[in-house]
Amino acid sequence: MSPLPTRRDGRLRRQLIGVALGLASGLLSGGPSTIAAEKVARHTVVIQGAAFEPEVISVKRGDMIVWVNKDPYPHTVTAPGVFDSHSIVAGGSWRYTARKAGEFPYACTLHPNMKGTLRVE
Ligand SMILES: [Cu+2]
């Protein structure tokens, strides 16, 4: 068996497709989308103008949140001790599955005045 050299690419492609689907259905429905096959709601937070939009997002446990960086420079999505995207490049995205309930304030470590809150119920 070969060591599947394209696995990484495949994963990235699935992530991009997931973001595209999430954005497309978000536009159509005007709200969080549900991918029926996975029964997981996906929520999108757009990073633009050095701000998180929406700034506060409420999701259910098991939901996925995708942060999409539309700025021409990197950002992070960091809640110390809970989650950390590390650098999200310009045009890139990062996704997180909310497994733990609670309210998680987060910030961008590169621009500490950029703040957001993830609420998981
Ligand atoms: Cu930033």
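Is H111 buried, partly exposed or exposed? With a relative accessibility of 24%, H111 counts as partly exposed, where buried means under 20% relative accessible area, exposed over 50% and partly exposed in between, for a 1.4 Å probe and protein chains only. The structure is a predicted model, in which local features need pLDDT of at least 70 and side-chain atom pairs count only at pLDDT 80 or more, whereas totals for chains, interfaces and linings use all residues. Residues are numbered from 1 along each chain as its sequence is written, and side-chain values use heavy atoms, with hydrogens and water left out.

H111, through ND1, is one of the protein donors of the copper ion, together with H75 (ND1) and C108 (SG), and these donors lie 1.9 to 2.1 Å from the ion. Donors are here N, O and S atoms within 2.8 Å of the metal (3.2 Å for Na, K and Ca), and sites may look incomplete because water is not among the atoms. The spacing of the donor residues in sequence is H-x32-C-x2-H. In contrast to the partly exposed H111, C108 counts as buried, at 1% relative accessibility.

The donor H75 is joined to D71 by a polar contact of 2.8 Å between their side chains; a polar contact is a pair of N or O atoms within 3.5 Å, of which, within protein, one must be able to donate a hydrogen and the other to accept it, and residues adjacent in sequence count only if both atoms are side-chain atoms. D71 is found in the loop between β5 (64–69) and β6 (78–79), the strands (E, at least two residues) and helices (H or I, at least four) being DSSP runs numbered from the N terminus. The relative accessible area of D71 is 6%, so this residue is buried. Neighbours within four places in sequence being left aside, D71 is in contact (heavy atoms within 4.5 Å) with I47, Q48, G49, A50, A90 and G91. Between D71 and Q48, which are 23 residues apart along the chain, the C-alpha separation is 5.2 Å.

A second loop residue, S85, lies between β7 and β8 (93–97) and counts as buried at 9% relative accessibility. A polar atom of the S85 side chain lies 2.7 Å from the backbone nitrogen of V77, and, apart from neighbours within four places in sequence, S85 is in contact with T76, V77 and W94.

W94 also belongs to a cluster in which ring pairs link F52, W67, F83, W94, Y96 and Y106. Rings of Phe, Tyr and Trp (its six-membered ring) pair if their centres lie within 6.5 Å, and planes under 30 degrees apart count as stacked, over 60 as edge-to-face and the rest as tilted. The structure holds eight aromatic pairs. Among them, F52 and Y106 form an edge-to-face pair, at 4.8 Å centre to centre and 70° between the planes. Because F52 lies in strand β3 (residues 52–53) and Y106 in strand β9 (residues 102–107), this pair ties together parts that are 54 residues apart in sequence. The rings of F83 and Y106, with centres 6.1 Å apart and planes at 55°, form a tilted pair, which links F83 in strand β7 (residues 83–84) to Y106 in strand β9, 23 residues apart. F52 and Y106 are both buried, and F83 is buried as well.

Along strand β4 (residues 56–59) the side chains alternate, with I57 and V59 buried and pointing to one face, while V56 and S58 point to the other and are not buried. Strand β4 runs parallel to strand β10 (residues 115–120), to which four bridges join it, pairing being assigned if DSSP finds at least two bridges between two strands. Within this pairing, I57 stands opposite L118 in β10.
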